[in-house]
Amino acid sequence: MKAEHYFDWAATALCDEQILRDSLEIAIQYDGNPSSTHKTGSEARKILEAARENCANSLGVRANQVFFTSGGTESDHIPLLSVLNSPARTGRIILSAIEHPALREECALLKKLGFDVVSIMPDKNGFVSPQAIVENLTSDTLFVTVMAVNNETGCVQPIYEIADALTKATNGKRKPHFHVDCVQAAGKIPLDLSHAGIDSAALSAHKISGPRGIGILYLARALNSFLVGGGQEQNIRSGTENLFGAVAFSKCLEKFYLNKKNEAAQKRFEEQKEWTRDFLKKLKEIERCRLVPELREDFSESTEARFSPWVVQAAFLGIPGNVMVRALDAKGYCISTGSACSAKKQSRPILAAMNASREIQDSALRFSFGAFTTKKAMDELAEAVKEIVSAF
């Protein structure tokens, strides 16, 4: 796949081939089970722990707060399912209505088990307010989850303000666990996992050019995992450790994660903001185009800061989204209508939660970009979209 034709990075990023090759060589050289006590296992353990330390350094957290999982979904599930270990085995769970299916569908299952699940609607622009979360707190609220960046609209949610509001509202009493799905945020926007009040966060390597099948669960402090087994990862996530994935994820974070030490990643981020602004303006020149949400038509600096420059959603009135996907695919461009995990479903729950019209829901597309995207390719994509719309 040529990077200039690929605009579905929010589904999965094109891999960094050098990182994957180097990491595989390391995994081949140290091929013992990291949990074995013999020399071969101990050598593999040292590599695993070095990868954990490197991940922690990039993330700005402690190594004992980093747990390797099989991906973003499992990193979401482990803290959420820990509510099943609550003494009362019941209580309230609060989630935003724009969460990824990994959380939305699991919460629906917990509701069937008797938990009081409350879904918080966003405003028309796709943002969840801290006030709306706090207003739904009860004394038995166990868990709150709001994603950092929405995977369809690119809306950057006020996770730090929500964390602060939860801390203030509980005022020294037991605060519910606050979890943040950072799958679309890590390596894409500045992110501070160590912010007080954020209890856990989910990250996924394949969103930042790493391999599939490896994720990170950040935990501010240990929890009582509902999923048990061999006791690996400090009893948080049992199962033989994925040494290749851990090493590759650590290298991807070192290369792509936005922090003060990573000047190259910061420069690329600033470039993408400029390129996306220009791309949005080109789309707006198309008469039948509607940016989603409408707030994205405001190109002020304060408004731009509320959106990830790596994700753009737009609707082209009168043209079904799946038709546009096929038309662009015929021209050699890869895009999607929304989450790959929901690609076979006709419903658009995130847009519905934003109270978008049926016409917008039916015609909305997602364009997403990544580290290897070029300005030239984005210009060509905008022109291709214009040609297709003109043909209808």
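Helix 10 (residues 321–330) lies across strand 9 and strand 10, running at about 45° to strand 10. The structure is a predicted model, and the two strands under this helix belong to an open sheet of three strands, arranged in the order 8-9-10 with antiparallel pairing. There is also an open sheet of seven strands, whose order is 1-7-6-5-4-2-3 and whose pairing is mixed. The points below take the sheets in turn, each with the helices that lie on it, and end with a contact between two helices.

**The sheet of three strands**

- In the sheet with the order 8-9-10, the edges are formed by strand 8 (289–291) and strand 10 (364–368), each of which pairs on one side only.
- From one strand to the next, the twist of this sheet averages 35°.
- Strand 8 and strand 9 (residues 311–316) run antiparallel and are joined by three bridges, and C289 stands opposite F316 of strand 9.

**The sheet of seven strands**

- Within the order 1-7-6-5-4-2-3, strand 1 (66–69) and strand 3 (116–120) stand at the edges with a single partner strand each, so one side of each is left without a neighbour in the sheet.
- Neighbouring strands of this sheet are turned against each other by 20° on average, when direction is ignored.
- Strand 2 (residues 92–96) pairs with strand 3 in the parallel sense, over five bridges, and the residue of strand 3 that serves as bridge partner of S96 is I120.

**Helices on the sheet of seven strands**

- Helix 2 (residues 39–59) packs on the sheet and touches strand 1, strand 6 (200–204) and strand 7 (215–219), while its direction makes about 115° with that of strand 1.
- Helix 6 (residues 159–170) lies across strand 4 (141–145) and strand 5 (177–181), and runs at about 175° to strand 5.

**Helix 1 against helix 7**

- The axes of helix 1 (residues 17–29) and helix 7 (residues 243–256) come within 8 Å and cross at roughly 145°, and this crossing of helix 1 and helix 7 is right-handed.
- On the side of helix 1 the contact is made by I19, L20, S23, L24, I26 and A27, and on the side of helix 7 by L243, F244, V247, A248, K251, C252 and K255.
- The residues in the contact of helix 1 with helix 7 divide into ten nonpolar, one polar and two charged.

Methods:
Residues are numbered from 1 along each chain as its sequence is written. This is a predicted model: local features need pLDDT of at least 70, side-chain atom pairs count only at pLDDT 80 or more; totals for chains, interfaces and linings use all residues. Side-chain values use heavy atoms; hydrogens and water are left out. Two strands pair if DSSP finds at least two bridges between them. Helices (H or I, at least four residues) and strands (E, at least two) are DSSP runs, numbered from the N terminus. Axes are lines fitted to C-alpha atoms, for helices over the stretch in contact, and angles run from 0 to 180 degrees between N-to-C directions. Contact means heavy atoms within 4.5 Å. A crossing is left-handed if the near helix is turned anticlockwise from the far one by less than a right angle, and right-handed if clockwise. Ala, Val, Leu, Ile, Met, Phe, Trp, Tyr, Cys and Pro count as nonpolar, Asp, Glu, Lys and Arg as charged, and the others, Gly among them, as polar.
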